[in-house]
Amino acid sequence: MINKVWGGMIVLGIICAVIRCFLVGDIEIHEVLQQFFNSAETSVKIVIGLIGMMCLWMGFASIMDNAGLTEKLARLLEPVFRVIMPEIPGGHPAISSITMNMAANMLGLDNAATPFGIRAMKDMQTLNKTPDTATNSQIMFLVINTSAVTIFPVSIIMYRSQYGSANPTDVFLPLIFTTMFSTLVGFLVTAVVQRLNVFKKPMLVLFAMMVGLVAGVGVWAFKAGSDLVSQATVLSDLSMVLFVGGVTAYGLFRKRPVFQDFIAGARSGFGVCIDILPYLVAMLFAIAIFRGSGLLDYLISCFKWLFGICGMDISSFAEALPVGFMGPLSGSGARAVMLDVFQNSGVDSLAGHIASLMLGSTETTLYVISVYFGVVGITKVRHAIGCGLTADLASMIGAVFFGCLFFG
């Protein structure tokens, strides 16, 4: 699918550019060519800027794992797993693998989460009695994974910082609520399809905590008024500082060589950035053609017209919508579209904020399905695609709602 999307963007963009250059005459061919070269240069600059931050957060993720924090979190979540993934017995290695994947997603280390996700899928496959067909537990894990429960949106903050945001962390709270909403929708749809009984004590406690959190933020947003963004930024910054200090202190308490653990994780972070580069070059190149030819402007105009029929004015954030549509197909593609929004609409614009929320609150559903299921030989994915795309749609809706609430 992504091959067709990427190739189609290039071919259609070039056709449109040639028509505009030689028939309409409103653009010059050298302008289009210059955008080709600029896209590659921009990709390298972005990755160079990401290396430091990615190494930093991968280092702290390594301290968490080696200090045993991840294992403790797995034990804490085990009662919930027994309800939503009843096929996995208590103490099975799959629980720790799933927890590591979720921890990487919670830290916003989207690319780092993939190895843990593959390991979790392999562990669950050992329980699969029909190896070519996805089990309910594997589908539930995939749907929760694609909705990408994010507490610390590290990757998004790094990109926002690279583009000169005045407050790169101001998406912290709205992103939590967006990803909670998409995860909840995806989980409930999957639970209904699988006929799970979610009215058990662990799930009721979890739901009560989520409802209480959302209600508390609603009261806070009402009382804070125009000070909401500034207060949310302070809370975001404080949370990250306390997280770093807490993880390091716990590692020292457990007598871990925290420096060596950090270095080992940071080294893997460097590799992640190198892996990102070719995908970023490819997608920014395709988007440069798509935008330079004028097709992206036509697509956005179609969005405005469609929503206008429903009486909605989306002019202030229409450019962010392609991020949501690209998200299920390609993470690198959605990332490139978000960066394009930053460059053309402004990183701190409403469109820039909503694009950040869309990218940070969901994973690449079709990519994750093909990789995670493909690596264990599953060909019958059952209801995985439908449930995953439902979570993606909820992510788009939540991003627009919370983006307008906090930054509109």
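A crossing of two helices is right-handed if the near helix is turned clockwise from the far one by less than a right angle. Keep that in mind, since the crossing of α8 and α17 is right-handed.

## The overall picture

This is a predicted model. The protein has 17 helices and 0 strands. Of its 408 residues, 52% count as buried. Take the contacts between residues at least 6 apart in sequence: 79% of them join residues at least 24 apart. The rest of this report mostly follows helix α17, with a short stop at two loops.

## Three helices packed on α17

Two packed helices are described by the angle between their axes and the distance between the axes. Here is how that works out for three partners of α17.

| Partner of α17 | Axis distance and angle |
|---|---|
| α6 (residues 136-146) | within 9 Å, roughly 25° |
| α8 (residues 172-194) | within 8 Å, roughly 150° |
| α15 (residues 350-360) | 9 Å, about 140° |

Start with α8. The axes of α8 and α17 cross at roughly 150°. That is over 145 degrees, so α8 counts as roughly antiparallel to α17. On the α8 side, the contact is made by Leu 173, Pro 174, Phe 177, Thr 178, Phe 181, Ser 182, Val 185, Gly 186, Val 189, Thr 190 and Val 193. On the α17 side sit Cys 387, Thr 390, Ala 391, Ala 394, Ser 395, Gly 398, Ala 399, Phe 402, Phe 406 and Phe 407. Sorted by class, the contact of α8 with α17 has 14 nonpolar and 7 polar residues, and no charged ones.

Next comes α15, which packs on α17 (residues 384-407) at an angle of about 140°. The two helices are therefore oblique to each other, and the crossing of α15 and α17 is right-handed. From α15, Leu 350, His 353, Ile 354, Leu 357 and Met 358 take part. They meet Ser 395, Met 396, Ala 399, Val 400, Phe 402, Gly 403, Cys 404 and Phe 407 in α17. The residues of this contact divide into 10 nonpolar, 3 polar and no charged.

Then there's α6. With its axis crossing that of α17 at roughly 25°, α6 is therefore roughly parallel to α17. The crossing of α6 and α17 is right-handed. Ile 139, Leu 142, Val 143 and Thr 146 of α6 meet Ala 384, Cys 387, Gly 388 and Asp 392 of α17. By class, that gives 5 nonpolar, 2 polar and 1 charged residues for the contact of α6 with α17.

How much of α6 is covered? Mostly covered is the answer, as 10 of its 11 residues are buried. Among the buried residues of α6 are Ile 139, Leu 142, Val 143 and Thr 146, the four that meet α17. Ser 137, Gln 138 and Asn 145 are also on the buried list.

## A closer look at Met 396

Met 396 lies in helix α17. Is Met 396 buried or exposed? At 14% relative accessibility, Met 396 counts as buried. Leaving aside residues up to four places away in sequence, Met 396 touches Leu 321, Gly 324, Phe 325 and Met 358. Met 396 and Leu 357 are 39 residues apart in sequence, while their C-alpha atoms are 8.4 Å apart in space.

## Aromatic rings

The structure holds 6 aromatic pairs. One of them joins Phe 401 and Phe 402, whose ring centres are 5.1 Å apart and whose planes lie at 80°, so the pair is edge-to-face. Phe 401 is exposed, with a relative accessible area of 52%, whereas Phe 402 is buried at 14% relative accessibility. Ring pairs also bring in Phe 177, linking it with Phe 401 and Phe 402 into a cluster. Phe 177 and Phe 402 both appear in the contact of α8 with α17.

## Two loop residues with positive phi

Now for the loops. Arg 195 lies in the loop between α8 and α9 (201-224). Its phi is near 55°, a positive value in a residue other than glycine. Arg 195 is exposed, with a relative accessible area of 77%.

Lys 255 is found in the loop between α10 (228-253) and α11 (258-292). Phi of Lys 255 is near 60°, again a positive value in a residue other than glycine. With a relative accessible area of 73%, Lys 255 is exposed.

Conventions. Residues numbered from 1 in each chain as written. Predicted model: local features only at pLDDT ≥ 70, side-chain atom pairs only at ≥ 80, totals over all residues. Heavy atoms only, no water. Axes fitted to C-alpha atoms, helices over the stretch in contact; angles between N-to-C directions. Parallel < 35°, antiparallel > 145°, perpendicular 65-115°, else oblique. Contact = heavy atoms within 4.5 Å. Nonpolar A, V, L, I, M, F, W, Y, C, P; charged D, E, K, R; others polar. Phe/Tyr/Trp six-rings, centres within 6.5 Å; stacked < 30°, edge-to-face > 60°. Buried < 20%, exposed > 50% of the residue type's maximum accessible area, 1.4 Å probe, protein only.
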